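Visitor: Hi, could you walk me through this one? I'd like to hear about pockets, salt bridges and odd backbone spots.
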Amino acid sequence: MIIKTRREKFGGVVYFEKPGFVGYVNNKMADAIGIKKNENAHYVDGIMSSPLDAHFAVTTRCNMYCKGCYNTVKSDCNADIDLNKAKRIIDNLARLSVLSVSFGGGEPTLYPHIIELAKYTRSKNILPNMTTNGLTMTEDFAKQCRVFGNVHFSVHKPADVEIAFKVAKIYKKYTGKRAGLNLLITTETYPLFDEIVKRAGKSGFNKILFLRYKKTSKNAAIDDLDMDDKMPEVFEKIKELSKKSRLMFLFDCSSMQELAHSRLISEKLLKKVDANGCMGGNMYIAIDVNGNYKPCSFWGETIADAEYLDFDNWMNNEKLIAFRNFRSSKHCNNCEYTEICNGGCRLNYLSCKK
């Protein structure tokens with residue numbers, strides 16, 4: 001079981017694999033429990049000394065090619081990251097005191113070394129997690145997935161629902177763990193929310209992460225899936241469903257802006273449950289199949305090789321600074337939700353100007 005601590009300007013971070021827990025303590029408590037400063041790290045107000053989590057795309061291969069996918073289309077060339085390169089990146093993330101790595105793709109289970117890489121990640125005291133469409137989740141593969149801390153199954157379209165329910169049961173049977181469900185909010189999945197929530201708990205899930213549909217250069221031509229004009233209605237629906245379910249309901253970072261605007265959930269409650277808007281380039285970092293890092297998985301432009309990311313690059317890179325400091329509106333600074341929303345989704349406002 002992975003238990004980690006690390007020092008920050010405000011105090012420190014305490015991280016447990018089981019039960020899953022990330023806690024923040026002040027300097028007095030950090031001193032009391034012996035969390036020492038890393039002499040190589042920079043401690044600055046409002047910015048983590050290094051990423052807490054890295055989203056690592058290990059392959060572009062996929063066995064679905066869903067309509068509207070932000071990352072992979074059939075015309076892409078299949079590519080896998082070199083295993084030795086991936087391990088060197090994991091070594092570097094360990095030096096940076098990263099807490100967890102979330103493997104994705106493409107479809108990460110098509111990466112031939114995914115289990116070996118996950119084991120290597122765990123050996124470096126970093127928790128390996130994974131998001132998958134579930135198509136390869138056989139009984140034998142499920143047993144190997146015990147190495148992961150958390151596995152999430154994705155539902156991007158109606159046809160994915162039955163697959164997710166089936167493989168979540170297999171995963172639970174052979175690992176003893178409940179999976180998470182990543183539910184993409186689209187015009188196709190929204191009519192199924194009642195059914196999905198009703199059945200999810202019985203199918204082995206313990207939480208649902210609701211994902212706002214986002215556009216990149218890969219899916220820019222798809223115009224009939226996003227629900228942006230109906231997000232207040234979506235949030236009302238989710239709120240009602242939460243009253244009927246024991247599952248944990250979570251929202252992705254790009255939803256925080258809409259939640260703030262709707263004021264459906266109080267700023268105090270969102271802060272209490274540690275809900276966050278965009279924390280790309282602050283708490284999180286993304287790594288592509290070539291090993292290059294960027295502030296967000298959806299962001300098109302990479303910055304440099306993740307193998308050589310260090311504390312100075314993390315704190316002082318101009319592109320990361322610009323990403324962190326972005327605010328979608330001049331009204332952001334006067335909004336009570338600013339600390340939660342953190343300026344809005346950069347993808348919606350900045351990518352269209354590139």
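Guide: Happy to; here is a short tour of a predicted model.

Visitor: Nice. How much space lies in the second largest pocket?

Guide: That pocket holds about 610 Å³ of space. Its lining has 27 residues, and those nearest its centre are Gly46, Met48, Met279, Met283 and Glu339.

Visitor: Which elements give two or more residues to that lining?

Guide: Those are S3, helix H9 (267-272), helix H11 (318-325) and helix H12 (338-341). H12 gives the most, with three residues.

Visitor: And what does the lining look like by class?

Guide: There are 12 nonpolar, seven polar and eight charged residues in it.

Visitor: Let's go to the surface. Which residues make a nonpolar patch there?

Guide: Phe10, Val22 and Tyr24 do, and the patch covers about 240 Å². Val22 belongs to strand S3 (residues 21-26). Val22 counts as partly exposed because its relative accessibility is 38%.

Visitor: Switching to charges: how many salt bridges are there?

Guide: The count comes to 20 salt bridges. One of them pairs the side chains of Lys85 and Glu307, at 2.7 Å from N to O.

Visitor: Where in the chain do Lys85 and Glu307 sit?

Guide: They come from distant parts, 222 residues apart. Lys85 is in helix H2 (residues 83-95), while Glu307 is in the loop between strand S13 (304-305) and helix H10 (311-316).

Visitor: Are Lys85 and Glu307 buried or exposed?

Guide: Both Lys85 and Glu307 are buried.

Visitor: What about Lys87 and Glu116?

Guide: Their side chains also meet in a salt bridge, 2.9 Å from N to O. Lys87 lies in helix H2 and Glu116 in helix H3, so this pair ties together parts 29 residues apart in sequence. Lys87 counts as buried at 18% relative accessibility, whereas Glu116 is partly exposed at 38%.

Visitor: Why does Lys87 count as buried at 18%?

Guide: Because buried means under 20% relative accessible area, and Lys87 has 18%.

Visitor: Got another pair for me?

Guide: Sure, Lys157 and Asp160 form a salt bridge at 2.8 Å, N to O. Lys157 is partly exposed at 22% relative accessibility, and Asp160 is buried at 3%.

Visitor: Which residues do salt bridges with shared partners join into one network?

Guide: That network is made of Lys85, Arg88, Asp305 and Glu307.

Visitor: On to the backbone. Which residues are joined by cis peptide bonds?

Guide: Lys18 and Pro19 are joined by one, with omega about 0°. Pro19 lies in the loop between strand S2 (11-16) and S3. Gly105 and Gly106 are joined by another, with omega about 20°. Gly106 is in the loop between strand S5 (100-104) and H3.

Visitor: Why bring those up?

Guide: Because most peptide bonds are trans. Most residues other than glycine also have a negative phi.

Visitor: So which residues have a positive phi here?

Guide: Tyr65 is one of them, with phi near 50°, and Asn342 has phi near 60°. Tyr65 is found in the loop between strand S4 (53-57) and H2, and Asn342 in the loop between H12 and helix H13 (346-350).

Visitor: How do Tyr65 and Asn342 stand for accessible area?

Guide: Tyr65 is partly exposed, with a relative accessible area of 24%. Asn342 is buried, at 13%.

Key:
Residues are numbered from 1 along each chain as its sequence is written. This is a predicted model: local features need pLDDT of at least 70, side-chain atom pairs count only at pLDDT 80 or more; totals for chains, interfaces and linings use all residues. Side-chain values use heavy atoms; hydrogens and water are left out. Patches are made of residues with over 30% relative accessible area and no salt bridge: like charges are joined within 9 Å, nonpolar side chains (Val, Leu, Ile, Met, Phe, Trp, Tyr) within 5 Å. Accessible areas come from the Shrake-Rupley method with a 1.4 Å probe; for residues, only the protein chains shown count as cover. A salt bridge is a side-chain nitrogen of Lys or Arg within 4 Å of a carboxyl oxygen of Asp or Glu. Helices (H or I, at least four residues) and strands (E, at least two) are DSSP runs, numbered from the N terminus. Buried means under 20% relative accessible area, exposed over 50%, partly exposed in between (1.4 Å probe, protein chains only). On a 1 Å grid over the protein atoms alone, a cavity is a set of points where a 1.4 Å probe fits but cannot get out, and a pocket is an open set with protein on both sides within 12 Å along at least five of seven lines; lining residues have an atom within 4 Å of a point. Grid points are joined across faces, edges and corners, and a volume is the space filled by probe spheres set on the points. Ala, Val, Leu, Ile, Met, Phe, Trp, Tyr, Cys and Pro count as nonpolar, Asp, Glu, Lys and Arg as charged, and the others, Gly among them, as polar.
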